[in-house]
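Student: Could you take me through one part of this model slowly? I would like to see how one piece sits among its neighbours.

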Amino acid sequence: MTGAADTVRYEGFAVSSHPANPRVQVVTLDKATLEHFEELTSQYGVQSLEYKPFLRFAIADALDKCCEYQLGRFLLATMNDRDTGAFLMEGDADVRRSLVDSDEQRDVFVKLSTAVSHLIGLPNFDAMYGKYYARFTVFNQDSSDSYLRQAHRRMELHNDGTYVNERTDFVLMMKMAEENMEQGDSLLLHVDDWQELERFYHHPMAKQAIHWSAPPSKNIGYVVEHPVFFEEDRNGKPHMLFIDQFAQPANMQQGLYLYEMGKSLEGDENCSNIRVNVGSMLVIQNHCWLHGRDKFVAHPGLKRELLRQRGRFTY
Ligand SMILES: [Fe+2]
């Protein structure tokens with residue numbers, strides 16, 4: 001590993017800090033790395049990855065191999081370090097120039113995101129999509145039952161996995177395609193940068209169990225119960241599980257605690273805008289980062305496709 005002050009070179013990739021938030025590690029894959037990865041995995045179609053879970057580990061190993069096994073180690077260390085716990089992975093300038101808007105290209109994105117998720121853990125079954133990953137498209141118009149696919153409003157800061165009974169240690173979001181997009185950046189706030197963390201963490205309601213349930217489109221069908229500050233990490237710092245839309249407060253006290261929390265998070269000046277370009281993926285430690293999405297500028301031809309994987313760490 002060599003490099004200038006702000007960029008560190010590894011075998012097959014480089015790392016720098018994101019200009020909008022230095023906690024976020026920008027991992028830039030060399031074109032040669034991606035070409036080698038495509039070559040090693042060309043015999044596997046996306047369907048075979050969906051049918052055979054062990055193949056997902058094989059392609060993760062192939063990607064790591066292209067980087068002399070330095071990539072997996074770096075990504076795990078980043079996710080395991082509370083001070084960072086997030087990376088934006090993208091191809092270098094040559095890769096970005098050579099991207100084409102095609103299904104073949106998007107198949108490569110599915111493979112790459114699968115390799116990354118299996119280097120850091122194991123994706124959960126996505127009940128909304130019925131696979132270990134989900135792909136969904138945001139259009140200018142929407143009639144769904146949550147803010148996920150609504151383009152013209154900001155999706156407020158939240159954690160994923162609030163209304164399911166399996167752990168969601170990480171969230172991976174990859175941009176598959178976009179047309180007529182303006183704004184719509186990802187929003188990130190680290191729990192330790194939340195200016196009013198102490199006010200809510202040391203509140204009598206912080207450890208009180210709250211009910212969380214999802215609308216029908218999520219295909220969950222049960223209610224879970226947990227406090228917002230549901231556990232501490234190995235250094236005694238808080239892990240959070242909060243989302244405004246799916247909390248079901250049982251009384252005035254709970255309702256106002258959650259209301260004030262939402263207001264505080266939305267007003268926080270330490271929230272960063274992170275642009276995720278086509279072919280790039282943002283991966284966060286879900287319990288120490290809150291994420292959201294800025295609104296888009298309305299456009300009749302607006303279209304944006306995302307791939308998501310959520311899962312647990314296996315180390
Ligand atoms: Fe989310």
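Tutor: Happy to help; here is a walk along one strand, followed by a helix and the loop before that helix. Keep in mind that this is a predicted model.

Let's begin with strand β4, which covers residues 86–91. Six of its six residues are buried, so β4 is largely enclosed by the rest of the structure. Now look at where the side chains go: A86, L88 and E90 point one way from the strand, while F87, M89 and G91 point the other way. Residues on both faces are buried, E90 among them.

What does β4 pair with? One partner is strand β3, residues 21–29, which is joined to β4 by five bridges. These two strands run parallel. To find this pairing in the picture, look for Q25, whose bridge partner in β4 is F87.

Another partner is strand β16, residues 281–285. Here four bridges make the connection, and the two strands run antiparallel. A good landmark is M89, which stands opposite M281 in β16. So that you can compare the two pairings yourself, trace β4 with β3, which is parallel, and then β4 with β16, which is antiparallel.

Next, step back along the chain to helix α4, residues 71–80. Its buried residues are L71, G72, F74, L75, T78 and M79. Why do they lie on the same side of α4? They do because they cover an arc of only 165° around the axis. There is a general pattern to remember here: an α-helix has 3.6 residues a turn, so residues three or four places apart point the same way. With that in mind, try looking down the axis of α4 and picking out F74 and T78, two of the buried residues.

Finally, consider the loop between α3, residues 53–66, and α4, where you will find Q70. Is Q70 buried or partly exposed? Buried would require under 20% relative accessible area, and Q70 has 21% relative accessibility, so it counts as partly exposed.

Q70 also shows how the chain brings distant parts of the sequence together. Q70 and E11 are 59 residues apart in sequence, yet their C-alpha atoms are 6.6 Å apart in space. If we leave aside neighbours within four places in sequence, the contacts of Q70 are Y10, E11, F13 and D64.

Technical notes. Residues numbered from 1 in each chain as written. Predicted model: local features only at pLDDT ≥ 70, side-chain atom pairs only at ≥ 80, totals over all residues. Heavy atoms only, no water. Buried < 20%, exposed > 50% of the residue type's maximum accessible area, 1.4 Å probe, protein only. Arc of directions from axis to C-beta. Contact = heavy atoms within 4.5 Å. Pairing = 2+ DSSP bridges.
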